[in-house]
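Student: I have a new structure open and I'd like to learn how to read it. Could you walk me through it, one feature at a time?

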Amino acid sequence: MAMGKTNGALGLWDTETQEVHGGQTWRLCEEFVEDFSVTTSPLGPPDSAMKVVKEVLPEILHYPAADCGEALTALSKFVKFPKDQLLIGNGASEFIDLIMRAGPPGPFKPGPYVAAYMEYNRAASAADREILPFDSSEDAGITVIIHPNSPTGDCMSLEDIEKEIKKTKGMIVLDESFIANYGPNWHEVSGLRLIEKYPEQLAVICSWTKLWACPGLRLGSIAMGAAWYNRLKKLQTPWSCSVLAQAFCTAAANDTEYMERTWNDVHEWKIRQTELVKSLGWKIHPGCVDWVPYIFVDCSDKAVAEKASDVAQAAGCPVRLCASFGTPTYLRLGVRRPEKQDVLFQAWRKAFPSQ
């Protein structure tokens, strides 16, 4: 796999069964500063949720609530979707694998983007599904649309999503792990509102580890029509949402102040970080919407992207080299706090003085 010297780090992966992902190479930093390779919130986990997790830590001697009652109620209210058609579990990855194994038969098709989150490809392969090219005209059993897309930041309209649903006899799976970053009216642009209209053809998966910065805790959900809900609930691994994850979810879903900071502070930090990227002469992918908490950066040259990745790693600020997406001239940068941005870009300015 063609990757930069440090971000290759192939020893971190069983590449036969696992997909390369951000959030690993920070462990290789001699002096770690900040992880730009991930797209989790730069705010860190909500203080309210961390406080509750510490309070319930002694409860790990008990089994989790089998019905995830309080957490499910809180999340249902947050997303404005019926809790009797909503499952929560051990990150989005649990439901990515589950839908590939239990969803409609037939090939899997990603897209319609040149680069998209690769865990769906891994899960489709593990479920022995044929993987179609993103631009294939062939119909698929499952088509996945990352909404908004990672790593590119493109975001399809609900009107275009409906067109995709009507074009297929299979299922459309929307991954909306970043949709709540849109703003206070994010529900208006979420595919959740289409499920009632297309209950047999649409499911929405969300990784809450991004919005609430808790990938080490693992928290995800899937929303769908009643028939698919009943099928997947029977197949879901029992106890997959831990005591700590349920408590965290309940608190985070009720933290309105945290969401206000997400829509205001993080947005301002992205504007600043975008200008720093441009100051180096690198290009921002034109389809990358301004509200996603990451930037898809074209360095225009594979060697430049690899050097930038290596310099970032040495500075304690790993970034996501996007060669594994099939876009080797690109980097994806998670939005981070201004003081962390300054460390990374100071290192880059020294390494690329003519840019």
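Tutor: Let's start with a word we'll need throughout: a residue is buried when its relative accessible area is under 20%, exposed when over 50%, and partly exposed in between. Keep in mind, too, that this is a predicted model.

Student: Okay, let me try that. Is A213 buried or exposed?

Tutor: A213 has a relative accessible area of 13%, so it counts as buried. You'll find A213 in the loop between α7 (208-211) and β6 (220-224). Its backbone is worth a look as well: phi of A213 is near 50°, a positive value in a residue other than glycine.

Student: Where else does a residue that is not a glycine have a positive phi?

Tutor: Go to K80, where phi is about 60°. K80 sits in the loop between α3 (69-79) and β1 (86-89). With a relative accessible area of 63%, K80 is exposed, whereas A213 is buried.

Student: Let me zoom out. How many helices and strands does the chain have?

Tutor: The chain has 12 helices and 10 strands. Its C-alpha trace spans about 60 × 50 × 40 Å along the principal axes.

Student: What does the radius of gyration say about the chain?

Tutor: Compare it with what a compact globule would give. For 355 residues that would be near 20 Å, and the chain has 20 Å, so the two agree. Also, 60% of the 355 residues count as buried.

Student: What share of the contacts joins residues far apart in sequence, 24 or more positions?

Tutor: Among contacts with a separation of 6 or more, 75% are between residues 24 or more positions apart.

Student: What about the outside, and the charges?

Tutor: The accessible surface comes to about 15600 Å², and carbon and sulfur atoms make up 52% of it. As for charges, the chain has 36 positive and 44 negative ones, and their mean positions are 1 Å apart.

Student: Now the inside. What should I look for there?

Tutor: Here's the general idea: in soluble globular proteins, nonpolar side chains tend to be buried together. In this model, the largest nonpolar core has 61 residues, and L75, F78, V79, W208, W212 and L219 touch the most other members. Helix α9 (residues 243-253) gives the largest share of this core, with nine residues. There is also a second, separate core of 26 residues, with A92, L98, A102 and W228 among them.

Student: Which residues does V79 touch, if I skip those up to four places away in sequence?

Tutor: V79 touches L86, W186, H187, L192 and W208.

Student: How should I read a single helix?

Tutor: An α-helix has 3.6 residues a turn, so residues three or four places apart point the same way. Now take helix α5 (residues 119-126), which is mostly covered: six of its eight residues are buried. The buried ones are E119, Y120, N121, R122, A123 and A124.

Student: What do the buried residues of α5 pack against?

Tutor: They pack against α4 (91-102), β2 (108-110), β3 (142-146), β4 and β5. Right after α5 comes D128, with a positive phi near 60°.

Student: Where can I find cis peptide bonds?

Tutor: Check omega along the backbone. One cis bond joins G111 and P112, with omega about 10°, and P112 lies in the loop between β2 and α5. Another runs from H147 to P148, with omega near 0°; P148 belongs to the loop between β3 and α6 (158-167).

Student: Can we finish with two loop residues, so I can practise the cut-offs?

Tutor: Sure, try E34 and V189. E34 is in the loop between α1 (5-8) and α2 (47-56). Its relative accessible area is 18%, so E34 is buried. Leaving out residues up to four places away in sequence, E34 touches G316, C317, P318, R336 and K340.

Student: And V189: where is it?

Tutor: V189 is in the loop between β4 (171-175) and β5 (202-207). At 22% relative accessible area, V189 is partly exposed. Beyond its neighbours within four places in sequence, V189 contacts H147, L158, E176, I179 and Y182. Its C-alpha atom is separated by 25 Å from that of M100, 89 residues away along the chain.

Technical notes
Residues numbered from 1 in each chain as written. Predicted model: local features only at pLDDT ≥ 70, side-chain atom pairs only at ≥ 80, totals over all residues. Heavy atoms only, no water. Core = buried A, V, L, I, M, F, W, Y, C linked by side-chain atoms within 4.5 Å. Buried < 20%, exposed > 50% of the residue type's maximum accessible area, 1.4 Å probe, protein only. Helix = DSSP H or I, 4+ residues; strand = E, 2+ residues; numbered from the N terminus. Contact = heavy atoms within 4.5 Å. Rg over C-alpha atoms; globule rule 2.2 N^0.38 Å. Areas by Shrake-Rupley, 256 points an atom, 1.4 Å probe, with all protein chains shown as cover. Lys, Arg positive; Asp, Glu negative; His and termini not counted. Charge placed at Lys NZ, Arg CZ, Asp CG, Glu CD.
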